[in-house]
Amino acid sequence: MSVVTVQLGQCGNQVGLDLFDTLYNDAQAGQKKSYATASYERFFHQTKDGDLVARAVLIDMEPKVIKQNFSKTAKSGVWKYDSASSFSQSQGSGNNWANGFCIHGPRHREVMEDLIRREVERCDKLTGFMAMMSVAGGTGSGVGTYVTQCLRDVYPKSFIVNHLIWPYETGEVTVQDYNSVLTLGHIYQLSDGILVHENDMVNKICSQLLHISDISIADLNKVIAHQLGAIFQPVFTADSDGHYSRNFLGEFVSALACHPEYKLLSMSTVPQMPSSYIPYTTFEWPSLIKHLRRMLISNTRMEEGSTQSLTGSNLNTSLANLLILRGKDVFTANTGDFSETSLYTSWQSPKDAFNVWKCPVPFRKYEKMAMLVSNSQALIEPLDNTLRKAWSMFAARAYVYQYTRFGMSEEDLLESFTFAEQIVSSYSQLGCKG
C-alpha cells in the first residue's frame, strides 16, 4: 500500500526532498531486497525504463524551491520527481495564512486536485496521504490547510497525516503566531494525526548533539528527514504477521491517535551523533531504551539532562506511545519499561496505549537505533506560548487588517484561538489522576 506525499510551500518542499533522499539511501544500504522493495513500493513508483519516481505532489506559490528540487534530483540521477506533478505560481502568499487559504487555495483548487488524483491513480492501493508544511508562512500554512481540507473532501476514507514544522519561538515571521494558530485550529478537525517538529528543538539537536557550529536550514531539514525516515521505513508490527506492514499509515494512526481530541505527535530518537562518531560507538538496547524512557518522562527530545524521576506534578503524561526499534538483535530488546501504568493517563491502560514496531535492518549507519513517537503533553508549552503571543497581538489589533482584507472575519480568528485553547486544555487534563 502506497502513500502520496504532498509537499507544500518552501519548507515542505525542502524537507520533502531530504526525506525522499533519506528513504532511498536507507533502502539502498539495507542489503535486504525485501526491505528495499517494501520501501520503494510505499514511496516510489517505477517507470517502464526502471526509473524511481517519488509518489509526491509539489505545491508552492513561488517557483524557486520546486525548481531547485528538480535540479538536485536530476543531478543525483538515483530517483526523481515527476515534472508533471508540480504546481507553482510567481507571487507567493506574503506570509499570510488568509491569502493562502482564502485566495490561492480556492483559485487553484482544480489544478491541485488533478495533480493529486493523478498521483493516486498510480497507486495499486492507497493507504493515505502525508502533507508536509511549515506553519509560519503563508503558503505552507494557508494553502497547506486548504489542500488538507480538499484531501478530506475528496478522499474521506483515506488516512491523512500532517507534518508541521513549528517556528522558532523568537520569531521567523512577524505574524507567525496568527498563522500557526489558524493552521492548527483548522487542520485538527481534518487530520488523523499531526506530527510536529519544533525548530528550536531541532536546532538544539544540531548544536549540542551533532556539534554543528554554523547551523543552516539544510542542517535542520536533514535532522527532520532522518527522524521521519526512521518512522516510515518498513517495519514488523503486531498485525503484520511476519511481513513488513502493508497498511502502516493506518496502523500508525490506530496506535497513536485513538481519540479525536488528541492528535499531536512528538518524536524522539536515540542515538543522534555526528556520522564520524558512529564507527567508534557501541550501542546496546537496554541503554538506548532507558535513555528514550527518560526523555519521555522529562519531556525532552535530547538524551542530555533527562534525569527526572517517575514522581512529581511535572511528569509528562502520555495518551499513547509507539516505540520503533531498528537494527541488530532487535527481537531481543526488552521494552517492558514503556508499559508502566504511571506513564499514561488514568483512563488509558498501558496494554492499549503502548505499541512497539521492530525491524532487524539497521537505519542510516546506526547498528541500533530507537525512535519514540508520543501522543503526550510534550507539545503543550510551544502551543501555549504561541497562543499567548497571538492573543496579545489580537488584543492590540495588530495586523488583523492583513487577514480581514483577504476575506476572513475577526470571528474566524477567534474561533481558531478558542479551538487551540481547547487543545491545550485537553492535553493538560491528561495528567489528572482519578
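**Helix packing, cysteines and backbone features**

The axes of helix α7 (residues 176-187) and helix α13 (residues 380-395) come within 8 Å of each other and cross at roughly 115°. This picture, like everything that follows, comes from a predicted model. The crossing of α7 and α13 is left-handed. On the α7 side, the contact is made by D177, Y178, S180, V181 and L184, while α13 contributes L383, T386, L387, K389, A390, M393 and F394. Sorted by character, the residues of this contact divide into 8 nonpolar, 2 polar and 2 charged.

Both of these helices reappear in the surroundings of helix α15, to which we can turn next. Helix α15 covers residues 410-428, and at 1.5 Å a residue its 19 residues should span 27 Å; the end C-alpha atoms are 27 Å apart, so expectation and model agree. The buried residues of α15 are L413, S416, F417, A420, I423, V424, S426 and Y427. Many readers will find a general point handy here: an α-helix has 3.6 residues a turn, so residues three or four places apart point the same way. The buried residues of α15 pack against α7 and α13, and also against β9 (264-270), β12 (368-376) and α14 (400-404).

The cysteines come next. A disulfide is a covalent bond between the sulfur atoms of two cysteines. In this model the count comes to 0 disulfides. C102 is in no disulfide, and the nearest cysteine sulfur, that of C150, is 13 Å away. C150 is likewise in no disulfide, its nearest cysteine sulfur being that of C102, 13 Å away. As for their surroundings, C102 counts as partly exposed because its relative accessibility is 25%, whereas C150 is buried, with a relative accessible area of 7%.

Finally, the backbone holds a few details worth a look. A cis peptide bond joins V270 and P271, with omega at about -5°. P271 lies in the loop between β9, a strand already met beside α15, and α11 (285-298). Positive phi values turn up in two loops as well. H211, a residue other than glycine, has a phi near 55° and is found in the loop between α8 (199-209) and α9 (217-232). With a relative accessibility of 48%, H211 counts as partly exposed. Y399 is not a glycine either, yet its phi is positive, at about 65°. Y399 sits in the loop between α13 and α14, and its relative accessibility of 31% means that Y399 counts as partly exposed.

Key. Residues numbered from 1 in each chain as written. Predicted model: local features only at pLDDT ≥ 70, side-chain atom pairs only at ≥ 80, totals over all residues. Heavy atoms only, no water. Axes fitted to C-alpha atoms, helices over the stretch in contact; angles between N-to-C directions. Helix = DSSP H or I, 4+ residues; strand = E, 2+ residues; numbered from the N terminus. Left-handed = near helix turned anticlockwise from the far one by under 90°. Contact = heavy atoms within 4.5 Å. Nonpolar A, V, L, I, M, F, W, Y, C, P; charged D, E, K, R; others polar. Expected span 1.5 Å × (residues − 1). Buried < 20%, exposed > 50% of the residue type's maximum accessible area, 1.4 Å probe, protein only. Disulfide = S-S within 2.5 Å.
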